[in-house]
Amino acid sequence: MRGLHRALLTGWMGWLLLMSGAAQAHLMVAQRGTLNFVDGGAFMVLSLPVSAFQGVDDDGDGRLSMAEGHAHWRDIEAQVRAGVQLVSEQGAAPLEGVIFNLSPPDNAPAAPASQLVVMGRFAWPSSQEGGRFGLRLFGTQADEQTQHITVTRGGETQLL
């Protein structure tokens, strides 16, 4: 069953990435995110500023090119795993299937991006109540110091 969940997650995220490139539009507005609790998992999508990541902007232009993203994908994944947590009384939930996509300007889809759309799934039992979401990936600019996250579980929605 776990393999099926992972395959569905990978397929869903891959489809989103393909559709985002085809539409040439942002997957998510800058500094926004969602956390959806469904079927034993918490599915996360965040738009994070490139300036929140250390050692990935090789040319120092404040943006991430496709080449920089390919060169530093492991660093980006490691920083996401360290900078985003979902914690219960039993400890931190594992973050699985972390992927990211560049979010370039709508009018220049091949241009380097100032935002990354990061996706992943936390293993979170459906019966688990409570929990604390932690985020430590904020950019250097004033408008990158806030993140708005919509949390959904069943019919309930909350804005963090």
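1. A convenient place to enter this predicted model is Leu102, which stands opposite Leu116 in strand S6. The two strands involved, S5 and S6 (residues 115-123), pair in the antiparallel sense, and their pairing runs over 6 bridges. Helix H3, covering residues 73-83, packs on the sheet and touches both S5 and S6, while its direction makes about 125° with that of S5.

2. The sheet to which these strands belong is open and has 6 strands, in the order S5-S6-S2-S1-S8-S9, with mixed pairing. Strand S5 (95-102) and strand S9 (156-159) each have a single partner strand and stand at the edges, so one side of each is left without a neighbour in the sheet. From one strand to the next, the twist averages 15°.

3. Gly97 also has its place in strand S5, and a reader may ask whether Gly97 is buried, partly exposed or exposed. With a relative accessibility of 37%, Gly97 counts as partly exposed, because that class lies between the limits of under 20% for buried and over 50% for exposed. Along the chain Gly97 and Met119 are 22 residues apart, and in the model their C-alpha atoms are separated by 7.7 Å.

4. Away from the strands, Asp57 deserves a separate look, being found in the loop between strand S2 (41-49) and helix H2 (66-71). Asp57 has a relative accessible area of 23% and is therefore partly exposed. Leaving aside residues up to four places away in sequence, Asp57 touches Gly62, Arg63 and Glu68. For Gly62 there is a further detail, in that its backbone nitrogen lies 2.6 Å from a polar atom of the Asp57 side chain. Asp57 and His72, which are 15 residues apart in sequence, have a C-alpha to C-alpha distance of 8.9 Å.

5. Turning to the protein as a whole, it has 3 helices and 9 strands, and these follow the pattern α-β-β-α-α-β-β-β-β-β-β-β when read along the sequence. Among contacts with a separation of 6 or more, 66% are accounted for by residues 24 or more positions apart.

6. How many of the 160 residues count as buried? The share is 38%, and the accessible surface of the protein comes to about 8800 Å², of which 56% belongs to carbon and sulfur atoms.

Note on methods: Residues numbered from 1 in each chain as written. Predicted model: local features only at pLDDT ≥ 70, side-chain atom pairs only at ≥ 80, totals over all residues. Heavy atoms only, no water. Pairing = 2+ DSSP bridges. Helix = DSSP H or I, 4+ residues; strand = E, 2+ residues; numbered from the N terminus. Axes fitted to C-alpha atoms, helices over the stretch in contact; angles between N-to-C directions. Contact = heavy atoms within 4.5 Å. Buried < 20%, exposed > 50% of the residue type's maximum accessible area, 1.4 Å probe, protein only. Polar contact = N/O pair within 3.5 Å; in protein donor to acceptor, adjacent residues only side chain to side chain. Areas by Shrake-Rupley, 256 points an atom, 1.4 Å probe, with all protein chains shown as cover.
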